[in-house]
Structure formats: structure tokens, C-alpha cells
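This report describes one loop residue and one helix pair, taken in turn. Please keep the sequence and the structure in view while reading.

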Amino acid sequence: MGEAILEVKGLKKHYPVTKGIILMKQTGAIKAVDGIDFTIKKGETFGLVGESGCGKTTTAKMVLLQEEATEGTILFQGKDITHLPPAEKRKHRGLVQAVFQDPYSSLSPRMKVGRIIAEPIVIQGNATNGEIKQRIAELLDLVGLRPDAGDLFPHEFSGGQRQRVAIARALASNPSFIVLDEPVSALDVSIRAQIMNLLMDIQENLKVSYLLIAHDLAVVQHMSETIGVMYLGKLVEIAGSEDLHLHPTHPYTKALLSASLAAHPRDLKEEIVLKGEVPSPLNPPTGCWFHPRCPEARHICAVKVPQMIEVGSNHKVACHKL
């Protein structure tokens with residue numbers, strides 16, 4: 001078993017809901033993330049999958065220290081980073097970078113690509129102009145862009161090329177960990193595989209670790225060693241990528257897999273249609289939060305919160321039917 005780079009324990013993010021203008025009174029809380037645990041090993045990818053609004057991006061923001069955790073701890077390289085002072089946060093951000101969903105909005109349209117890539121290096125403040133130029137050239141080559149790309153503006157590139165620029169910028173400060181928040185969902189299908197393969201090549205060469213967030217299970221399975229399935233702020237299943245594909249155990253995981261495209265048209269899948277809508281994180285159901293939509297729900301599911309239990313090697317599930 002490899003050494004952990006990131007350990008998340010009992011992590012919660014609750015947003016208070018208040019009433020009144022002057023004497024604000026808290027009337028409840030939106031439970032965006034509600035007590036999750038997972039570990040990411042050095043040089044590996046942990047995929048976080050689930051429907052929109054399930055808490056994946058909030059989890060990423062807490063790892064990136066863009067959001068303060070309500071409860072729980074985040075250990076990075078063995079150090080507790082949950083509540084770092086501002087100076088320590090800046091240092092941490094050099095080690096942890098992000099690539100976001102939309103390359104159109106994540107790159108400044110007023111800056112040339114070379115300057116965009118150089119920004120994290122300049123912020124670190126320990127490189128000469130010559131070293132910065134050399135680093136930009138290395139990064140452009142690494143992500144498969146031509147040397148003169150640094151002199152152009154983002155609007156002069158296609159969507160896939162812009163995402164390559166975003167990846168180069170994320171790598172500029174030599175991070176050991178990158179959060180990939182829906183890195184290919186805004187791209188044409190023909191370009192997605194190229195960007196996924198580029199990210200996997202970079203990981204192999206630089207031994208960088210990824211937290212990959214996506215709602216597309218096929219993308220997550222292609223890139224991840226381990227996958228966590230998230231529903232309404234909670235992790236319901238964690239397993240190795242292949243194990244999850246062959247032996248999905250939680251009813252929600254089965255439904256997600258049935259909704260994803262088959263690898264081949266001949267591969268027939270049983271379609272599982274979930275009833276109802278995703279409940280509100282402001283007023284979640286009692287017991288298992290998935291029980292109102294679960295095709296396998298029993299009486300206990302409405303009463304008792306299921307605990308995450310081991311069902312195999314590196315395979316955990318939170319479900320009463322086990």
C-alpha cells in the first residue's frame with residue numbers, strides 16, 4: 001500500500017441558513033458535505049463521482065483551502081491543513097493546484113498565455129526572468145503546445161488547447177497534488193480522450209496525485225485507481241475502479257452505472273430509473289439519505305443512518321442491505 005498524500009477525516013461543510021435582517025437567527029444549515037472520509041495515495045488518482053449538487057466541488061474547495069471546513073480534518077503530506085494561517089495557506093497553494101471545468105472562463109482574456117502560465121512562478125518570487133522563460137517553454141512542450149503559443153491570447157486557441165494552457169499553469173509551481181474539477185466536461189467528445197491521456201501521461205512522468213471530480217462515471221473509471229461515490233454530501237461507496245465497475249454494491253452506484261454509456265453497443269445493461277428528485281441538503285431525509293429514491297429500501301433505511309463497512313479489499317459501502 002502506497003504512502004498517503006491526502007487524508008480526509010470526518011469532513012463537513014454546513015452553510016448556516018438565517019432569518020431576519022438585523023437580529024439574524026440561524027434557522028438551519030445546508031449540509032453540503034456531511035462527514036466524509038477518504039485517502040489519496042502519492043502518484044494516484046482518486047475519482048469523486050455523483051450527481052450535480054452532491055458536494056463534490058465543495059469538497060474540492062476545502063482541499064484547496066478556498067472554503068473553511070465546518071468539522072473534520074484534512075491531512076496533506078501528514079500535516080493538518082484544515083485551519084492554516086494566511087502565510088501558510090499561500091505556501092500550501094504552491095503545492096496544490098487546480099484545473100477547472102471551463103477553460104473559457106478560467107483563463108484571463110486580457111493576458112497572453114505565457115504570462116498566464118508564469119503567474120504561479122512569479123508569485124513564488126524565487127525565479128529570474130530567464131528561468132521563467134525557460135519554464136514556460138518546458139511547460140508548453142509538456143502539454144503539447146508549440147513554442148510560440150506563449151505570445152498568443154486565450155481566444156486564439158480552441159477549447160482543448162485552452163485546457164492544455166490551464167494544465168500548464170497548474171503545473172508551473174511544481175505541485176505534488178492537483179484537483180481536476182470536471183476537466184473535460186466542457187470539451188468536444190473527440191478532444192476529451194486527448195486531454196485525459198495527457199493528464200495520465202503527466203501523472204506518470206511527474207508522479208503527481210489527482211483528485212478527479214466528475215459526474216461522468218466513464219471519465220472517472222478511465223483515469224482513477226480508486227473511486228468514491230457521493231450522494232447528497234455523503235460518500236456511499238469507495239472501491240478500486242475495476243472492482244466498482246464489476247461489483248457495484250450500493251443501489252445508487254448501480255443506478256449511476258446503469259445510466260453511463262456502455263463500452264460497446266452489444267453490452268446490454270439493465271436500466272435503473274430512480275424515483276423522485278434529490279432531496280434538499282437543507283432538510284435531508286431521516287436514516288439513509290438515499291432511502292426515498294432507493295429501489296431496495298427497507299424499513300430500517302428510513303430510521304437508521306448506515307455506517308461505512310468493508311465488503312472486500314479496498315471496498316467500503318454504507319448500506320443496510322449488507
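## Ser185 and its surroundings

In this predicted model, Ser185 is found in the loop that lies between strand 7 (177–181) and helix 7. Its relative accessibility is 23%, and Ser185 therefore counts as partly exposed, since the buried class is kept for values under 20% and the exposed class for values over 50%.

When neighbours within four places in sequence are left aside, the residues in contact with Ser185 are Gln101, Arg192 and His215. With Gln101 there is also a polar contact between the side chains, at 3.2 Å. Glu138, by comparison, is 47 residues from Ser185 in sequence, and the two C-alpha atoms are 27 Å apart in space.

## Packing of helix 6 and helix 7

Helix 7, which covers residues 189–206, packs with helix 6, residues 159–171, at an angle of about 20°, and the axes of the two helices are 10 Å apart. Because angles under 35 degrees count as roughly parallel, helix 6 is described as roughly parallel to helix 7. The crossing in which helix 6 passes helix 7 is right-handed.

On the side of helix 6, the contact is made by Gly160, Gln163, Arg164, Ile167 and Leu171, while helix 7 contributes Ile191, Gln194, Ile195, Leu198, Leu199, Ile202 and Leu206. Sorted by character, the residues of this contact between helix 6 and helix 7 comprise eight nonpolar, three polar and one charged.

Terms used. Residues are numbered from 1 along each chain as its sequence is written. This is a predicted model: local features need pLDDT of at least 70, side-chain atom pairs count only at pLDDT 80 or more; totals for chains, interfaces and linings use all residues. Side-chain values use heavy atoms; hydrogens and water are left out. Axes are lines fitted to C-alpha atoms, for helices over the stretch in contact, and angles run from 0 to 180 degrees between N-to-C directions. Helices (H or I, at least four residues) and strands (E, at least two) are DSSP runs, numbered from the N terminus. Angles under 35 degrees count as roughly parallel, over 145 as roughly antiparallel, 65 to 115 as roughly perpendicular and the rest as oblique. A crossing is left-handed if the near helix is turned anticlockwise from the far one by less than a right angle, and right-handed if clockwise. Contact means heavy atoms within 4.5 Å. Ala, Val, Leu, Ile, Met, Phe, Trp, Tyr, Cys and Pro count as nonpolar, Asp, Glu, Lys and Arg as charged, and the others, Gly among them, as polar. Buried means under 20% relative accessible area, exposed over 50%, partly exposed in between (1.4 Å probe, protein chains only). A polar contact is a pair of N or O atoms within 3.5 Å; within protein, one must be able to donate a hydrogen and the other to accept it, and residues adjacent in sequence count only if both atoms are side-chain atoms.
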